[in-house]
Amino acid sequence: SESIVLPIRNLLSAIRAGAGAAELDENLTQIITIVSSIVAACRDSLPAASAKHGREILDNLSDNCNKLSELQSQGEITKQTRQMMASSSFAVAKALKELRAL
């Protein structure tokens, strides 16, 4: 999960700097790929004692990953799109921290 920190930081920096779609797209692709891999790897290996909470965290990760993917596919980058990207990225980081704590 440490591999996700840099793409999230890069995305947030790019959003603040007003970067174009190509730079945002590159960071989004990295985040989506890593999160999808983490969700797939963890889905069947959650500790029994915290499986229910773990599934909720994985569902949250999937939801935010899907939001990022939808935003990426819109093409047009608006202020609202940037805010939604930042919000979903923060949510991914928070959920990954919760997942590590299981």
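Select cysteine 42 and cysteine 65 first. The sulfur of cysteine 42 lies 13 Å from the closest cysteine sulfur, which belongs to cysteine 65, and that is too far for a bond. Cysteine 65 is in no disulfide either, its nearest cysteine sulfur being that of cysteine 42, 13 Å away. A disulfide is a covalent bond between the sulfur atoms of two cysteines; here it is counted as a pair of cysteine sulfur atoms within 2.5 Å. By this rule the count is 0 disulfides. Keep cysteine 65 selected and show its surface: this residue is buried, with a relative accessible area of 6%. Buried means under 20% relative accessible area, exposed over 50%, and partly exposed in between, with a 1.4 Å probe and protein chains only.

The model is predicted, so local features need pLDDT of at least 70 and side-chain atom pairs count only at pLDDT 80 or more, while totals for chains, interfaces and linings use all residues. Residues are numbered from 1 along each chain as its sequence is written, and side-chain values use heavy atoms, with hydrogens and water left out.

**Stop 1: H1 and H2**

Select residues 5-16, which form helix H1, and residues 21-42, which form helix H2. Helices (H or I, at least four residues) and strands (E, at least two) are DSSP runs, numbered from the N terminus. Two packed helices are described by the angle between their axes and the distance between the axes. The axes of H1 and H2 come within 9 Å and cross at roughly 155°. Axes are lines fitted to C-alpha atoms, for helices over the stretch in contact, and angles run from 0 to 180 degrees between N-to-C directions. H1 and H2 are therefore roughly antiparallel to each other. Angles over 145 degrees count as roughly antiparallel, under 35 as roughly parallel, 65 to 115 as roughly perpendicular and the rest as oblique.

H1 passes H2 in a left-handed crossing. A crossing is left-handed if the near helix is turned anticlockwise from the far one by less than a right angle, and right-handed if clockwise. To see the contact (heavy atoms within 4.5 Å), select Pro7, Ile8, Asn10, Leu11, Ala14 and Ile15 of H1, together with Glu23, Leu24, Asn27, Leu28, Gln30, Ile31 and Ile34 of H2. By class, this contact of H1 with H2 has 9 nonpolar, 3 polar and 1 charged residues. Ala, Val, Leu, Ile, Met, Phe, Trp, Tyr, Cys and Pro count as nonpolar, Asp, Glu, Lys and Arg as charged, and the others, Gly among them, as polar.

**Stop 2: H2 and H3**

Keep H2 and add helix H3, residues 51-74. H2 and H3 pack at an angle of about 155°, with their axes 10 Å apart. They are therefore roughly antiparallel to each other, and H2 passes H3 in a left-handed crossing. On the H2 side, select Asp25, Leu28, Thr29, Ile31, Ile32, Val35, Ser36, Val39 and Cys42; on the H3 side, select Leu58, Leu61, Ser62, Cys65, Leu68, Ser69 and Gln72. The residues of this contact of H2 with H3 divide into 10 nonpolar, 5 polar and 1 charged.

**Stop 3: H1 and H4**

Now show H1 with helix H4, residues 79-101. Their axes are 10 Å apart and the packing angle is about 160°. That makes H1 roughly antiparallel to H4. The crossing of H1 and H4 is left-handed. The contact is made by Ile8, Leu11, Leu12, Ala14 and Ile15 of H1 and by Arg82, Met85, Ala86, Ser89, Phe90, Val92 and Ala93 of H4. In the contact of H1 with H4, 10 residues are nonpolar, 1 is polar and 1 is charged.

**Stop 4: single residues in H3 and H4**

Select asparagine 64, in helix H3. At 6% relative accessibility, asparagine 64 counts as buried. Not counting residues up to four places away in sequence, asparagine 64 touches Ser88, Ala91 and Val92.

Next, select serine 88 in helix H4. Serine 88 is buried, with a relative accessible area of 5%. Leaving aside neighbours within four places in sequence, serine 88 is in contact with Asn64, Lys67 and Leu68.

Move to alanine 95, also placed in helix H4. Alanine 95 is buried, at 1% relative accessible area. With neighbours within four places in sequence left aside, alanine 95 is in contact with Ile57, Asn60 and Leu61. The C-alpha atoms of alanine 95 and asparagine 64 are separated by 9.6 Å, with their positions 31 residues apart along the chain.

End at glutamine 80, in helix H4. Glutamine 80 counts as exposed, at 54% relative accessibility. Glutamine 80 and valine 35 are 45 residues apart in sequence and 23 Å apart in space, C-alpha to C-alpha.
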